[in-house]
Structures are given as structure tokens and as C-alpha cells.
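This report covers a model of two protein chains. It starts at the interface, then turns to each chain and to confidence.

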Amino acid sequence: MRKFNWLDAVIILIVLAIGFCGFKYLQNKTTVAQTADTKKLYFMFEIPQAAEEVAENIAVDTDIVFGEKKVSKGKIVSKIIEPFKDEVPNLNEGYYEYQEIPNKHRVVLRIEFDGVETENAFTADGDQLNVGLATIVSGVGINSTGTIVDIGGAE
Amino acid sequence: MSEKKKKNNKKIAQPEVKKVAQPESKEENVEKKEAPQQTVKKKIKFNWVDALLIVMVIVLIFGAVSRFSGKIQEITASTHMVEYKVKAVGLRTISAEYLQQSMGMQFNMGEKARTDTLGTLVDFEIAPALSNIEMADGSIVAAERPERYDAILTLRLNATVNSSGYYTPQLSNIGVGSNFIIKNKYIVTQATVIELKEVE
């Protein structure tokens, strides 16, 4: 068996130092998150071209997860279904007009969650949420990609 | 030296030569064989862990040298207040409304690896979004997109500057044509720098 030498000691010290720095870094992050007050926030989540079955079968009161890390928890509190309209060019006159697209629906979900609102951001579990952000909402009976179209405090 | 002394020296030297030449006992033989093995044991063997450590140290040194030397050091030399305009296209109505609430607010890069400070919103213009349509007769016209808007945002930033350009405080280059995701508290969108100038 190889003898323990000074190089091994140096490696162990480096690993311990890196571990200590990482621990301190994470500890600071956690402290910041803990000191911020969480409150009930909401965002409106638009699924632009959902099939009718999908639109109908997304249930209100479903617990969901969302965000980049898929760890932020929320609940669908309301649902709006309307015909999906897309901008279609008129090739003779030269303008765009909204036209209903058959068998496609625009679904807008109101999702409420416990998050943090600061002067600069709305966050859920460290992920910032903004209008225009594409994200995935998934849970029992739903797994859809869409866009946040509004955000704010729920109360 | 006298001749007597020279003779004595010779006499003393002769038995030493004989000693070396004398046949050795078994024990002495064993000692001689073991001696080289002991010197090998004392040497520290160079193994892959040592090699890894050396490589790590070299990489760290190289990284530190490249980070704190050359052009980047020049970049940190001076700062100037700059105003630059970025264009975001195809915003929804609600995003355009949130822009009005964003006056005086700070914008940042909205990319995973980069959250550089991009400056404070000091002005913005909103116009209906235009998109090209290729007509039935083959001509191309710019037509307004319903419920979509193009916005030009003016951001003010205390930028780091050197001979090769303007940089955010976190050293991302800003120049006409730069394209990045911008975000503030309310909105996130893709934007392109279309104008940049120094201000006092």
C-alpha cells in the first residue's frame, strides 16, 4: 500500500478549503432567502395552441411545479379557454389580421404560489419570473410549455 | 616529508587495500544486498494523484494569469457614463404597459450564465410592430402586426471602457449589434443594441 505523503496532505487541505468555501457560499445564499419575506404571488400562464382535449382536461386546483429547476410549487386557481387567434397575412391587401385557428385553443391559467417580491424581482425558489418568460408547468394531468403573460401579488 | 614518513604511509595504506580485497562473511553479503533496496524505499513514488495536483496548480496559475493580465486589465482602466438604445421587437401589449412602470428601474442580462448590469431605463419609445409580407404579386410590404409592439429603450450605464470598446461592469461587451436577453422586475425580452454614445 502507498504511503501517505505531503502531497496527499496538500490535496486533502485543498479539498477541505474548497468544501468550506462552498459551504459558506451556500450558507449566505440560504440566509438571504430566509430573510426575505415570502408572500402569495400569482402569474398568468398562457398555453397558446392547445388542443381541445388538453384545454378541457387541465383541472383547476391542481398542484403543479414550474420554473427552471422545476421545484417551485404552485396551484392552478382558475382557467380561461378561448379560441386561438393567430396573425395571418393578407397577401392581396398587405396587412395582418387575427384569424381563429380551427381546433386550437388559447388557455390562460392563473397560478398562485408562495414567492418573494423585492424592488427588482419576483422570485420563486431563487428563480426570477417575468412577463415573457417561457417555462414549463407540470403536475398531475398537466405538462405544458407556455409563456408568462402577467405577474403580481395575489392579495 | 622525510623518507621514513613516506615509508610509514605506504605501510599504513597497504593493509586497507587488503581489507577490501579480503573475502566477506555471509552477514556482510546480506547487508550489501539489502542496502540498495532501502534507498529505493525512501524515494517518494510519483503517482497519478501527484500528476493531477500539478496539473490543477498549473491550470489555476494559467487561469489567474490570463484573468488578471493583458487586455482585460486595460478594460478596467476607466469608466464612462454611456447611453445606449436597444430595440425589442414584437412585445405584447402587457409588456409595453409594464415598460411604463419600468422607468428609472435597473435592467440586467437575463441569460443563465450572465446577469450583468445593463443600466437604468431613462427613456423609451413604443410603436406598432412591423413585419414584412410577401404579397401575391411578389412585392414585399411592411405591415403592422396586431397587438404587438416594437420598443426602443434608452439605458444609461456607467460602463467600463478601453480602446476596444464599452463593457458592462461585469465585462460583457456592449456595441451596436450586440444581442442579448434583457430583464427587469416585470419583463424579459430579446433586444439588440442600435445606438451607443458617451454622455457627461
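## A salt bridge across the interface

Which side chain of chain A meets Arg92(B) in a salt bridge? The partner is Glu46(A), with N to O at 3.0 Å. Keep in mind that this is a predicted model. The count of salt bridges between chain B and chain A is 3.

The Arg92(B) pair does not stand alone. Salt bridges with shared partners join Arg92(B), Glu46(A), Glu82(A) and Arg106(A) into one network. The network thus includes residues of both chains. Its Glu82(A)–Arg106(A) link is taken up again under chain A.

## Interface size and make-up

How much area do the two chains bury between them? The value is about 2,600 Å². Carbon and sulfur atoms carry 58% of it. On the chain B side, Leu53(B), Arg92(B) and Lys185(B) lose the most area to chain A. Together these three make up 23% of what that side buries. Arg92(B) therefore appears twice in this account: it is among the residues that lose the most area, and it forms a salt bridge with Glu46(A), a pair within the 4 Å cut-off.

In residue terms, 31 residues of chain B are in contact with 36 residues of chain A. Polar contacts join 16 residue pairs across the interface, counting pairs with both residues at pLDDT 80 or more. Four elements of chain B each supply at least two residues of the side that touches chain A. They are helix H3 (48-68), helix H5 (93-101), strand E3 (117-134) and strand E4 (140-162). The largest share, 7 residues, comes from E4(B). By class, this side of chain B has 16 nonpolar, 5 polar and 10 charged residues.

## Met103(B) in its loop

Where in chain B is Met103(B) placed? It sits in the loop between H5 and strand E2 (106-109). Met103(B) counts as partly exposed, because its relative accessibility is 39%.

Set aside the neighbours within four places in sequence. Met103(B) is then in contact with Leu121(B), Val122(B), Asp123(B) and Phe124(B). Thr120(B) is 17 residues from Met103(B) in sequence. In space, the C-alpha atoms of Met103(B) and Thr120(B) are 7.9 Å apart.

## Chain A: fold and salt bridges

Chain A has 155 residues, of which 34% count as buried. It holds 2 helices and 8 strands. From the N terminus on, the order of elements is α-β-α-β-β-β-β-β-β-β. Take the contacts in chain A with a separation of 6 or more: residues 24 or more positions apart account for 63% of them.

Over all chains, the structure holds 10 salt bridges. One of them pairs Lys40(A) with Asp114(A), the closest N and O atoms being 3.5 Å apart. Lys40(A) lies in strand E1 (residues 38-50) and Asp114(A) in strand E4 (residues 95-117), so this pair ties together parts 74 residues apart in sequence. Lys40(A) counts as partly exposed, at 31% relative accessibility.

Another pairs Glu82(A) with Arg106(A), with a closest N to O distance of 2.7 Å. Glu82(A) is in strand E3 (residues 72-90) of chain A and Arg106(A) in strand E4 of chain A, so the parts tied together are 24 residues apart in sequence. Both residues count as partly exposed: Glu82(A) at 31% relative accessibility and Arg106(A) at 24%. A further salt bridge joins Glu112(A) and Arg110(A), with the closest N and O atoms 3.2 Å apart. Arg110(A) counts as partly exposed, at 21% relative accessibility.

## Confidence

The model scores ipTM 0.70 and pTM 0.66. Chain B has a mean pLDDT of 79. In that chain, 73% of the residues reach 70 or more.

Where in chain B is confidence lowest, and where highest? It is lowest in helix H1 (residues 3-21), at a mean of 47. It is highest in E3(B), at 94. Over residues 10-28 of chain B, pLDDT is below 50. Beyond near neighbours in sequence, that stretch has 2 contacts in the model. By contrast, E3(B) is one of the elements that supply at least two residues of the side touching chain A.

How values were computed. Residues numbered from 1 in each chain as written. Chains lettered and ligands numbered in written order. Heavy atoms only, no water. Contact = heavy atoms within 4.5 Å. Buried area = accessible area lost by both parts, 1.4 Å probe. Polar contact = N/O pair within 3.5 Å; in protein donor to acceptor, adjacent residues only side chain to side chain. Nonpolar A, V, L, I, M, F, W, Y, C, P; charged D, E, K, R; others polar. Buried < 20%, exposed > 50% of the residue type's maximum accessible area, 1.4 Å probe, protein only. pLDDT = per-residue confidence, 0-100.
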